Amino acid sequence: AEKERLIADGHDRSRLALEGARVFLDMIFVEGAFHADPHPGNVLVQPDGRIALVDFGMVGFLDQGLRDHLVDLLVAFVQEDQDELERAVDQLASLPASVDRQRLRRDIAELQAEVAGTPIEELSAAVVLNDFTAMLRRHRILLPPTISMLIKVLVMLEGTAHSLDRSVSMMELLKPYGAELIRRRSSPRARVRQTIATTRDWIRLGERMPRLLERASRR
């Protein structure tokens, strides 16, 4: 009934689905603070077409590192880059000491094979993310609570967007955020920051080295 009312009021459902999804994706990947319950009842359309959100009982917060790691994960899926996907898992999750790395690598390859060759606009973010989290559970790999919440948000957001327009592709909408991450990492300022951070790590290691060597010699 609400969809029919939107059409009767002259709103374009495809535009609303796209703009509503981008509102949430900007909150997640740009602002780092996001509405964590994007079901249709919490997304309102103003008479002038603007998107309004209600019920901020659940809110998630992401630092820049977690945002980047999550984009790395999604980009690795789309680009079918197994090595990058493994690195993203290492960065995002807590891997138990008992994890079978060879089996994990095989399961990651199988998961990527399921999406290989599928045009990005036909990929379902919900299917990809649900299969990914199911694989992690099999290996008893834990995701940070915020990332688990965020995956649920992305799955729910895709469902809300599809309630307005089934052709909306969440994976396609995520592409610009991956491109922005790559651009930001390749900027001169980012390279300088990385050089400073690496130099600082080497200095710290140099400061600790005498104590480490002393302990090793005693043992």
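Welcome! Start by selecting helices α6 and α7, whose crossing is left-handed; in a left-handed crossing the near helix is turned anticlockwise from the far one by less than a right angle, while a clockwise turn makes it right-handed. This is a predicted model, where local features need pLDDT of at least 70, side-chain atom pairs count only at pLDDT 80 or more, and totals for chains, interfaces and linings use all residues. Residues are numbered from 1 along each chain as its sequence is written, and side-chain values use heavy atoms, with hydrogens and water left out.

**The first helix pair**

Stay with α6 (residues 125-138) and α7 (residues 145-164): they pack at an angle of about 150 degrees, and their axes are 9 Å apart. Axes here are lines fitted to C-alpha atoms, for helices over the stretch in contact, and angles run from 0 to 180 degrees between N-to-C directions. The two helices are therefore roughly antiparallel (angles over 145 degrees count as such).

Now select R140, in the loop between α6 and α7. R140 is not a glycine, yet has a positive phi of about 55 degrees. Is R140 buried or exposed? R140 is exposed, at a relative accessible area of 71% (buried is under 20%, exposed over 50%, and partly exposed in between, with a 1.4 Å probe and protein chains only).

**The whole chain**

Zoom out to see 9 helices and 4 strands; these are DSSP runs numbered from the N terminus, with helices (H or I) of at least four residues and strands (E) of at least two. From the N terminus, the order is α-α-β-β-β-β-α-α-α-α-α-α-α. Of the 219 residues, 38% count as buried.

**Around strand β4**

Next, select D55 in the loop between β3 (51-53) and β4. D55 has a positive phi of about 65 degrees although it is not a glycine, and D55 is partly exposed, with a relative accessible area of 44%.

Move on to V59, which sits in strand β4 (residues 59-61) and is partly exposed at 32% relative accessible area. Add F56 and F61 to your selection: with V59 they form a nonpolar surface patch of about 310 Å² of accessible area together.

**The second helix pair**

Finish with α3 (residues 64-79) and α4 (residues 82-92), which pack at about 155 degrees with their axes 9 Å apart. That angle makes α3 roughly antiparallel to α4. The crossing of α3 and α4 is left-handed.

How values were computed: Patches are made of residues with over 30% relative accessible area and no salt bridge: like charges are joined within 9 Å, nonpolar side chains (Val, Leu, Ile, Met, Phe, Trp, Tyr) within 5 Å. Accessible areas come from the Shrake-Rupley method with a 1.4 Å probe; for residues, only the protein chains shown count as cover. A salt bridge is a side-chain nitrogen of Lys or Arg within 4 Å of a carboxyl oxygen of Asp or Glu. Angles under 35 degrees count as roughly parallel, over 145 as roughly antiparallel, 65 to 115 as roughly perpendicular and the rest as oblique.
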